[in-house]
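Thank you all for coming; I would like to walk you through a structure that is new to most of us. Please have the sequence and the view in front of you while I talk.

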Amino acid sequence: MHPAARIYGRRDTIFLIACIVLSLVALGLPDRMRDPLAASLRRSVLAPLVSLQRNAELSRRAWVTREARAAARDSVALRSMALNAVDAENRRLRLLLGLGARLKWGFIPAEVLQGRGVGEEYSVTLSAGARAGVQPFSPVVAPEGLVGMVKTVDPTMSIAIVWAHPDFRVSAMAADGSAFGIVAAHLGSEPERYLLEMRGVPVRSTLKPGTLIVSSGLGSTFPRGIPVGTVLGEIKTSELWARTYLLRPAVMPAEMNSVMVLTPRRSTSGVEGVWQTGRGLDSAARAVVAAGDSLQRADAERRAAAADSVRRDGARRDSVRAAAARPQGAPPATPDTSAPVRP
Amino acid sequence: MRPTDLVRTLVAFVVLVLLHYTLRPLLGWRASPDFLIIALLLIAIRVRPGTAALVGLVMGVVADSLQPHAFGAGALGMTLVGFGASWLKAVFFADDVFLNAFFFFLGKWAFDLVFLLAEHRLGGGELLVEILVWSPLKGIVTAVFGLVTLLILRPILRSSPT
């Protein structure tokens with residue numbers, strides 16, 4: 001420290017006493033005088049220092065809460081990612097509920113258990129088994145269309161092959177019924193492996209890309225009208241007497257989460273109108289037209305009936321008027337049949 | 001005091017005041033260093049006791065404006081500490097690290113003692129804990145920071161040759 005020597009004198013004592021008195025006066029100041037004084041000091045001399053202090057405290061708070069903020073940000077990001085998945089699952093479950101409402105009866109809801117191993121890409125494990133009513137060879141469907149067929153049934157679970165399985169076959173047709181064939185997995189290289197092909201289509205039947213293919217109901221496994229896929233194009237094969245078409249499956253592997261297994265009774269009674277296929281739309285349009293016609297017919301009949309009643313009412317009023325005008329004892333008026341009738 | 005020394009001391013004083021309003025809130029410790037006391041002691045050992053008391057009064061009043069409930073308590077504490085430091089500087093004349101540290105510790109503790117007694121906010125055990133536990137802790141922290149500050153500001157505070 002600075003070693004300079006100082007002399008202590010009377011002036012210092014006076015200064016000290018004055019300062020102490022001033023301090024005590026400040027201590028004893030009433031609020032109405034103290035507050036304006038303190039406020040004026042804060043707004044003038046201390047203003048820049050207070051600003052510095054505020055910034056420092058904000059910096060410290062930002063530093064202290066950085067981990068909490070990072071954790072909160074991560075949680076929000078994680079929650080938003082989960083929300084997307086929940087949203088997708090919700091949408092899918094709504095579709096499944098819609099399918100259940102249209103099917104009304106004869107179906108068993110099941111979850112597709114994930115974690116398929118190598119070599120098991122073409123079969124899925126379902127969470128419903130024999131206890132729930134699942135039987136072998138039952139069709140497995142999703143809101144979009146056909147998923148596959150139950151192969152093995154255990155009490156609490158079952159194993160189904162999906163359309164990509166090499167053994168999978170379904171008799172199919174164009175939605176308008178113009179062409180029939182057998183749909184099986186397209187055994188091509190990897191990108192095309194998850195496509196279907198429709199074989200044995202007669203040469204005279206040409207299918208345009210985008211045509212919807214549904215199950216034909218031939219055979220005893222799959223009922224008629226389940227969407228199988230849409231036509232992508234024709235494949236050139238060595239078969240000259242039949243055409244083969246490449247199909248895009250109605251149900252993609254990623255959509256195989258929640259499915260429904262149709263019971264044999266439901267398969268037998270059919271699922272017409274459950275999926276909005278072309279045939280279903282046509283029949284719906286026809287039904288709407290028919291309903292319109294019947295309404296028109298009913299309206300015309302109602303008008304005709306009203307006109308008849310008015311006519312009958314008029315005739316009754318004429319006969320009453322004629323009876324009133326007739327003299328006592330005169331015979332009742334009868335229509336003059338002898339009068340010439342104008343053609 | 002020569003004008004050069006006065007300027008140097010003022011620079012060190014401003015630096016310490018800035019540290020009080022930036023580093024102290026940044027640290028946010030319960031027992032935080034009091035750079036205003038360090039600045040007051042730095043001035044006090046270079047001026048007459050009366051002037052040191054006046055500087056203490058001004059610093060105290062300005063600092064008290066941030067805590068109106070104790071307006072005047074800080075001024076009284078700084079007045080007494082400033083005067084006492086200037087008066088006792090002959091005792092702590094030697095440029096010894098530990099003596100300087102003790103000087104800062106004593107200054108801070110004395111200030112807290114006067115402040116706490118004058119503001120009449122705390123009482124009983126709470127006041128005792130504050131005086132016997134927290135104030136000494138603050139004094140120790142202030143002493144450490146005072147020594148570090150002195151080491152850093154040594155080039156500025158060194159007296160110019162006569």
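Before I begin, one definition is needed for the hairpin I will start with: two strands are said to pair if DSSP finds at least two bridges between them. Please also keep in mind throughout that this is a predicted model.

With that in hand, let us look at strand E6 of chain A, residues 169-174, and strand E7 of chain A, residues 180-185, which pair in the antiparallel sense over five bridges. Together E6(A) and E7(A) form a hairpin with five residues between them, and in the turn A:Gly177 has a positive phi of about 80°. To place yourselves on this hairpin, find A:Ser171, whose bridge partner in E7(A) is A:Ile182. E6(A) also pairs with strand E9 of chain A, residues 212-215, again in the antiparallel sense, over three bridges, and there A:Ala174 has A:Ile213 as its bridge partner in E9(A).

A:Ile213 is worth staying with for a moment. Leaving out residues up to four places away in sequence, A:Ile213 touches a list of residues that includes A:Ala172, A:Ala174, A:Val183, A:Met198, A:Val228 and A:Leu247. The largest nonpolar core has 54 residues, and A:Ile213 is among those that touch the most other members, together with A:Leu146, A:Val228, A:Val259 and A:Val261. The element that gives the most to this core is strand E4 of chain A, residues 145-153, with five residues. There is also a second, separate core of 48 residues, which includes B:Leu16, B:Leu41, B:Met59 and B:Phe103. As general background, nonpolar side chains tend to be buried together in soluble globular proteins.

Let me now turn to the barrel in chain A, where six strands close in the order E1-E2-E5-E4-E3-E12, with antiparallel pairing. From one strand to the next the twist averages 40°. Within this barrel, strand E1 of chain A, residues 107-113, is joined to strand E2 of chain A, residues 123-126, by two bridges, and A:Val112 has A:Leu126 as its bridge partner in E2(A). Helix H4 of chain A, residues 66-103, lies across E1 and E12 of chain A, and runs at about 15° to E12(A).

Is A:Thr244 buried, exposed or partly exposed? This residue lies in strand E11 of chain A, residues 242-249, and A:Thr244 counts as partly exposed because it has 18 C-beta neighbours inside 10 Å, whereas a buried residue would need 20 or more. Its C-alpha atom is separated by 4.4 Å from that of A:Arg199, although the two residues are 45 residues apart along the chain. Among the other residues that A:Thr244 touches are A:Glu197, A:Met198, A:Ile235 and A:Thr237.

Stepping back to chain A as a whole, we find seven helices and 12 strands, and 24% of its 343 residues count as buried.

Finally, how do the two chains meet? In this model, 37 residues of chain B are in contact with 33 residues of chain A. On the chain B side, the elements giving two or more residues are helices H1, H3, H4 and H5 of chain B, and H3(B) gives the most, with eight residues. The residues of that side divide into 23 nonpolar, 10 polar and four charged.

Terms used:
Residues are numbered from 1 along each chain as its sequence is written. Chains are lettered from A and ligands numbered from 1 in the order in which they are written. This is a predicted model: local features need pLDDT of at least 70, side-chain atom pairs count only at pLDDT 80 or more; totals for chains, interfaces and linings use all residues. Two residues are in contact if their C-beta atoms, placed from the backbone, lie within 7 Å. Helices (H or I, at least four residues) and strands (E, at least two) are DSSP runs, numbered from the N terminus. Ala, Val, Leu, Ile, Met, Phe, Trp, Tyr, Cys and Pro count as nonpolar, Asp, Glu, Lys and Arg as charged, and the others, Gly among them, as polar. A nonpolar core is a set of buried Ala, Val, Leu, Ile, Met, Phe, Trp, Tyr and Cys residues joined through C-beta atoms within 7 Å. A residue is buried if 20 or more other C-beta atoms lie within 10 Å of its own, exposed if 12 or fewer, and partly exposed in between; C-beta atoms are placed from the backbone. Axes are lines fitted to C-alpha atoms, for helices over the stretch in contact, and angles run from 0 to 180 degrees between N-to-C directions.
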